[in-house]
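Please work through the exercises below with the sequence and the model side by side, trying each task before reading its solution.

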4 protein chains.
Amino acid sequence: MTEPVCLVLGAGAGVGGNVAKRFARGGYHAVLCRRSDEQGLHRLVGEIEEEGGAASGFLLDATKPDGIEERIAAVEAEIGPVDVVVFNLGAQIGDRSLVETTDKAFELGWRMATLALFRTARAVLPAMAERGGGTFLVTSATAAVRGNAGQHSHAAAMGGRRMLCQSLNAEFAPRGVHVTHIVIDGMVDAPDTLGKMLGEERFAELREQRGKESDGLLVPEQVAETYWHLAHQHRSAWTHELDLRPFSDKPWWNG
Amino acid sequence: MTEPVCLVLGAGAGVGGNVAKRFARGGYHAVLCRRSDEQGLHRLVGEIEEEGGAASGFLLDATKPDGIEERIAAVEAEIGPVDVVVFNLGAQIGDRSLVETTDKAFELGWRMATLALFRTARAVLPAMAERGGGTFLVTSATAAVRGNAGQHSHAAAMGGRRMLCQSLNAEFAPRGVHVTHIVIDGMVDAPDTLGKMLGEERFAELREQRGKESDGLLVPEQVAETYWHLAHQHRSAWTHELDLRPFSDKPWWNG
Amino acid sequence: MTEPVCLVLGAGAGVGGNVAKRFARGGYHAVLCRRSDEQGLHRLVGEIEEEGGAASGFLLDATKPDGIEERIAAVEAEIGPVDVVVFNLGAQIGDRSLVETTDKAFELGWRMATLALFRTARAVLPAMAERGGGTFLVTSATAAVRGNAGQHSHAAAMGGRRMLCQSLNAEFAPRGVHVTHIVIDGMVDAPDTLGKMLGEERFAELREQRGKESDGLLVPEQVAETYWHLAHQHRSAWTHELDLRPFSDKPWWNG
Amino acid sequence: MTEPVCLVLGAGAGVGGNVAKRFARGGYHAVLCRRSDEQGLHRLVGEIEEEGGAASGFLLDATKPDGIEERIAAVEAEIGPVDVVVFNLGAQIGDRSLVETTDKAFELGWRMATLALFRTARAVLPAMAERGGGTFLVTSATAAVRGNAGQHSHAAAMGGRRMLCQSLNAEFAPRGVHVTHIVIDGMVDAPDTLGKMLGEERFAELREQRGKESDGLLVPEQVAETYWHLAHQHRSAWTHELDLRPFSDKPWWNG
């Protein structure tokens with residue numbers, strides 16, 4: 001194959017899947033990975049192919065030893081060198097008081113949000129640097145820039161993510177790899193994540209109140225446009241960090 | 001006229017002029033304002049028109065009472081309602097120790113970087129909000145996020161700029177106006193600003209060392225692409241703050 | 001005289017006056033300056049002297065040309081070299097929308113919060129550095145770290161203050177002068193500032209609800225203890241920035 | 001026993017041990033815990049007792065399941081309710097490139113710096129809140145506020161620590177527990193940590209160059225004074241975050 005490859009980890013029906021579609025539309029072979037819902041994965045791959053794009057889909061448990069490393073090796077061997085990685089694994093588990101937060105929940109947040117990012121980076125950035133460049137886009141959250149009550153697991157995991165991104169950037173930007181930390185500071189209109197967390201009914205209500213009509217939820221197709229832009233910034237003018245939120249939402253610093 | 005209007009304050013041969021060109025290329029009537037160098041201004045307007053774009057140019061002293069307000073009123077009356085403002089006035093005067101920084105230099109920094117921004121905002125944002133939307137892109141600098149020795153005037157002015165942008169955003173984003181604070185965290189390959197500050201010889205040397213070949217200076221044409229993108233983000237996914245720097249530069253937080 | 005001198009600019013009945021008292025109690029000659037209310041000034045000086053402390057009081061308009069510089073020169077000539085400066089001038093004018101914020105209000109904020117700080121610093125820091133050391137404590141506000149609707153003047157002024165403090169620190173810390181930026185992130189139980197802004201009745205109500213009993217307002221005597229501590233940190237372990245708020249208040253980043 | 005209890009986790013010969021001494025001198029029963037070096041632990045306890053203070057010492061492996069929880073339960077049962085916790089475990093392993101950072105090193109950083117903090121917090125904060133108050137002082141590092149090349153493990157762990165502290169503060173400050181995140185932004189003159197990392201010879205050299213004479217290393221006895229102050233701030237004026245560095249060091253934001 002000759003298309004450049006865009007690997008999306010966490011390719012659900014929200015930001016991940018839509019970024020995959022955007023890159024496929026732009027001529028990339030989109031490789032979609034997600035933990036579960038094989039049917040949903042095939043549907044996304046199918047939708048891309050119907051539009052005339054190139055895509056592959058794989059189930060991937062990012063917390064499994066070697067799962068990430070083996071998947072990346074296989075993609076590079078069978079599809080082609082990865083040009084763009086979109087790391088889109090979240091670790092939001094809803095609000096829990098400190099005593100209700102188990103060691104297991106705390107550790108799982110870290111495994112998904114921080115360790116998986118580290119392992120992905122180590123599996124692709126050195127090769128990108130040797131090939132002369134690449135792009136590593138990391139979806140992040142409000143919890144990366146401020147802790148909040150009930151967010152013990154999520155904030156610790158995402159705070160780690162942000163500092164890790166700065167650390168990766170310090171080592172790899174001078175070697176031509178563009179690392180970006182994208183602070184999604186609002187709720188995304190995404191059935192696979194927000195939808196599951198809220199439950200069908202509350203999600204439907206929220207969409208009714210704040211959704212498509214009034215643009216009070218982040219529309220994933222629109223978020224994808226900014227990911228596309230970031231991946232195509234000239235190396236003389238790279239962004240490392242930016243925020244994204246609906247116009248009607250208060251930024252995190254205003255509460 | 002029927003094109004949307006993009007008003008650029010600080011339209012020299014660096015970021016400002018190139019953003020004007022980018023918006024003209026995208027179908028906007030570009031209105032270029034700068035303090036001095038009428039010849040340079042006409043050259044920029046001419047270059048846009050040669051490419052088939054629409055442009056107007058005006059000399060404007062942003063520190064003069066009512067200068068900004070009258071220019072904006074005239075543009076709205078004679079050319080059309082302003083859709084996009086690019087506020088690109090800088091206030092870098094090079095490093096000076098505290099005792100070498102006069103009241104006049106300190107005040108001038110504030111008049112250019114902070115007060116002029118406030119006056120521009122007050123002259124356009126309420127009208128934009130009433131018309132249902134608009135975009136207000138503010139070029140800023142490293143000095144907005146960290147003070148440094150010798151930067152007393154510049155850091156105070158730019159620190160004020162950043163907090164003012166957050167304050168403007170808090171009032172106007174919910175009313176449909178996109179306010180963005182763009183931290184240019186590096187040296188721009190711009191003869192009108194960096195060139196003048198360094199002098200012809202040192203600027204030529206710097207370009208030789210870090211310039212076009214090795215992309216160690218921000219290339220203004222490339223910076224302009226990000227301004228264009230920001231102005232066209234969907235209101236469900238707006239960026240308020242982002243940084244831009246050459247891949248080979250250390251971010252401000254790494255020194 | 002032989003006591004070290006602590007000069008307080010903005011010495012009302014809140015933080016400023018109480019810091020003056022704390023330093024007088026610790027053996028300093030406290031020099032209290034404030035814009036108006038000569039009677040209140042004399043009362044504070046009298047209270048210090050009754051406790052056996054040394055104090056002087058002066059009315060000082062910080063926005064008057066040379067007012068600050070002449071006062072500092074007179075203090076150094078007549079009382080002694082200044083060891084500690086507490087810069088405590090505020091610039092909060094309450095919330096105003098952008099269109100309601102006049103040029104005059106915007107400029108006044110800057111003159112009080114930013115320019116007066118710059119002028120004070122230039123009048124004392126170089127002399128402190130030559131004498132081998134000194135302390136420069138700057139009271140600041142939430143508006144220095146986040147802008148908010150209606151805070152256009154205040155946020156611009158305080159954002160400038162914060163970056164100026166970092167710039168002063170970069171030049172003078174290595175020369176032995178301790179510069180500290182103190183973010184007061186809450187309402188202070190201070191009749192001269194909060195009291196005046198709210199009016200007598202609302203202030204009395206607020207004190208009733210959140211005041212001394214429940215410690216929901218910053219108690220200025222207690223704030224003064226932290227100023228004292230900062231001024232006496234060993235130079236191997238200096239603080240440049242810290243926040244202060246009542247236990248029951250949300251920090252600025254939590255809204 | 002009737003003294004209030006101050007529990008120090010990470011009580012070596014640097015910050016931890018000296019904070020323990022400071023609190024013992026102020027009338028607390030100091031409980032010192034550290035992973036290894038029983039002899040060093042006994043020496044510290046002995047030094048406190050010789051001064052007339054009360055102290056106990058325990059070896060504690062913070063990465064062992066239930067080790068922290070059991071130690072805290074035993075302290076509360078046998079010595080008394082814990083009033084102050086000083087969490088002083090570090091996770092600095094020196095600079096390593098991404099490929100040289102193993103999963104094990106990355107995980108160990110998190111177990112020491114983030115998970116152990118979470119477990120400690122969960123074991124003491126709810127009880128403190130029920131008793132009406134307490135203090136939780138967390139030593140942190142530059143890596144909590146900016147990532148750097150080679151700091152992948154440390155920055156991820158400390159970034160998590162900082163956001164976790166904000167999250168703990170949001171839940172527990174309104175319930176009377178003072179949580180503070182202390183950014184130690186420089187090298188501490190500590191044989192047990194810096195000394196071991198550098199080796200005996202380089203540590204001796206560094207002390208010679210930057211040490212006691214010129215105060216270019218943080219002196220742990222002096223750092224302890226600020227911990228003491230923080231633990232005794234009145235609840236109307238609490239600090240959540242502050243930085244500490246030698247006067248001659250550049251702050252992290254200045255590189």
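Two exercises on helices follow, each with a worked solution.

This is a predicted model, in which local features need pLDDT of at least 70, side-chain atom pairs count only at pLDDT 80 or more, and totals for chains, interfaces and linings use all residues. Residues are numbered from 1 along each chain as its sequence is written, chains are lettered from A and ligands numbered from 1 in the order in which they are written, and side-chain values use heavy atoms, with hydrogens and water left out.

**Exercise 1.** Work out which residues of H2(C) are buried and what they pack against.

*Solution.* Begin with the helix, a DSSP run of H or I with at least four residues, numbered from the N terminus. H2 of chain C covers residues 38-50, and its 13 residues should span 18 Å (1.5 Å times one less than the number of residues), which agrees with the 18 Å between its end C-alpha atoms.

Next, sort by accessibility: C:Gly40, C:Leu41, C:Leu44, C:Val45 and C:Ile48 are buried (under 20% relative accessible area, with a 1.4 Å probe and protein chains only). These buried residues line one face of the helix, because they fall within an arc of 135 degrees when seen down its axis (taken from the directions from the axis to the C-beta atoms). On the other side of H2(C), C:Gln39 and C:Glu50 are exposed (over 50%).

Finally, the buried residues of H2(C) pack against helix H1 (15-25), strand S2 (29-34) and strand S3 (54-59) of chain C (heavy atoms within 4.5 Å; strands are DSSP runs of E with at least two residues).

**Exercise 2.** Find how the axes of H1 and H2 of chain B cross.

*Solution.* The axes of H1(B), residues 15-25, and H2(B), residues 38-50, come within 10 Å and cross at roughly 25 degrees (lines fitted to C-alpha atoms over the stretch in contact, with angles from 0 to 180 degrees between N-to-C directions). H1(B) is therefore roughly parallel to H2(B) (under 35 degrees). The contact joins B:Gly17, B:Ala20, B:Lys21 and B:Ala24 of H1(B) to B:Leu44, B:Glu47 and B:Ile48 of H2(B).

Key. Parallel < 35°, antiparallel > 145°, perpendicular 65-115°, else oblique.
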